[in-house]
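Dear colleague,

Please find the structure below, handed over for your records. My notes on it follow directly after.

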Amino acid sequence: MEQFRKRCRAFFDTLWPAEEKTLVFGEGRADHPPIMLIGEAPGEQETLQGRPFVGKAGKNLDAFLEVVGLRREDIYISNVVKVRPTKVSPKGSVSNRPPNREELALFTPYLYEEILLVQPEMIVTLGNVALKALLGKDAVIGEHHGQVTRAQVQGQAFQVFPLYHPASIIYNRSLTEIYQQDLQKLKTVI
Ligand code: URA
């Protein structure tokens with residue numbers, strides 16, 4: 001894993017030499033955990049602390065862990081894109097944006113490498129970005145959420161359980177119940 005991080009860091013330092021981009025790597029149990037959770041990209045708090053899913057997203061994660069009956073250290077947590085995608089408003093304020101095509105193309109091969117290193121029993125994707133990274137660009141969360149599906153990562157098959165992104169639930173309250181039902185289903189399959 002250290003080798004992987006070093007290579008990844010070296011690649012992005014060479015690619016974006018002038019920019020100070022903090023890479024936020026995965027954390028947790030990296031040896032065959034029951035679950036590898038994959039989000040979209042780090043946000044502000046994640047970048048400040050250098051850890052995935054902290055701050056508001058971390059609270060969502062705690063609720064997730066409570067329902068499925070696991071602790072943070074029992075699972076491996078990562079993101080597709082490992083830098084914070086930002087946009088700057090005309091007034092100069094910085095906010096998050098979804099990862100763009102270039103960022104996804106650059107980081108997805110590293111995600112595959114990470115999955116092959118971690119060898120999780122089950123991959124849980126949060127939202128469309130992580131789902132598409134594994135199942136292809138035509139996959140949509142509305143069709144796949146709450147059921148086990150399979151994905152090939154460089155020729156190796158993995159079980160994938162897609163969930164809506166917890167952040168999308170904040171903006172779309174009608175998804176709350178579906179998300180809770182999906183979590184219950186996940187609990188029965190792990
Ligand atoms: N924080 C993360 O680390 N990933 C997400 O997808 C959202 C918040």
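**Cavities, pocket, ligand and strands**

By class, eight nonpolar residues, one polar residue and no charged residues line the second largest cavity. The classes count Ala, Val, Leu, Ile, Met, Phe, Trp, Tyr, Cys and Pro as nonpolar, Asp, Glu, Lys and Arg as charged, and the others, Gly among them, as polar.

This is a predicted model, in which local features need pLDDT of at least 70 and side-chain atom pairs count only at pLDDT 80 or more, while totals for chains, interfaces and linings use all residues. Residues are numbered from 1 along each chain as its sequence is written, and side-chain values use heavy atoms, with hydrogens and water left out.

The second largest cavity has a volume of about 40 Å³. Its lining consists of Leu37, Phe53, Ala57, Asn60, Leu61, Phe64, Leu126, Pro166 and Tyr179. Helix 3 supplies the largest share of that lining, four residues. A cavity is a set of points, on a 1 Å grid over the protein atoms alone, where a 1.4 Å probe fits but cannot get out; a pocket is an open set with protein on both sides within 12 Å along at least five of seven lines; and lining residues have an atom within 4 Å of a point. Grid points are joined across faces, edges and corners, and a volume is the space filled by probe spheres set on the points. Helices (H or I, at least four residues) and strands (E, at least two) are DSSP runs, numbered from the N terminus.

The count comes to two cavities of 30 Å³ or more. In the largest cavity there is about 50 Å³ of space, and Phe12, Asp13, Trp16, Glu19, Lys21, Leu23 and Val83 line it. That lining divides into four nonpolar, no polar and three charged residues.

The largest pocket has a volume of about 770 Å³. Of its 28 lining residues, Ala41, Gly43, Asn96, His165 and Ala167 are the closest to its centre. Helix 2 (44-49), helix 3 (55-68), helix 5 (127-135) and helix 7 (166-171) each give two or more residues to this lining, which by class has 13 nonpolar, 10 polar and five charged residues.

As to the ligand, the residues around it (a heavy atom within 4 Å) include Glu40, Ala41, Phe53, Asn79 and His165. A polar backbone atom of Glu40 is 2.8 Å from an oxygen atom of the ligand. For Phe53, a backbone N or O atom lies 3.0 Å from an oxygen atom of the ligand, and for Ala41 a backbone N or O atom lies 3.1 Å from a nitrogen atom of the ligand.

Turning to the strands, all five of the five residues of strand 6 (residues 122-126) are buried (under 20% relative accessible area, 1.4 Å probe, protein chains only), so strand 6 is largely enclosed by the rest of the structure. Met122, Val124 and Leu126 point one way from strand 6, and Ile123 and Thr125 the other way. Met122 has a relative accessible area of 3%.

Strand 6 runs parallel to strand 2 (residues 35-39), with four bridges between them, and Ile35 stands opposite Met122. Five bridges join strand 6 to strand 8 (residues 156-163), also in parallel; there, Val160 is the bridge partner of Ile123. Strands pair if DSSP finds at least two bridges between them.

Strand 7 (residues 149-153) alternates: Thr149, Ala151 and Val153 point to one face and are buried, whereas Arg150 and Gln152 point to the other and are not. Five bridges join strand 7 to strand 8, running antiparallel.

With kind regards

How values were computed:
Buried < 20%, exposed > 50% of the residue type's maximum accessible area, 1.4 Å probe, protein only. Polar contact = N/O pair within 3.5 Å; in protein donor to acceptor, adjacent residues only side chain to side chain.
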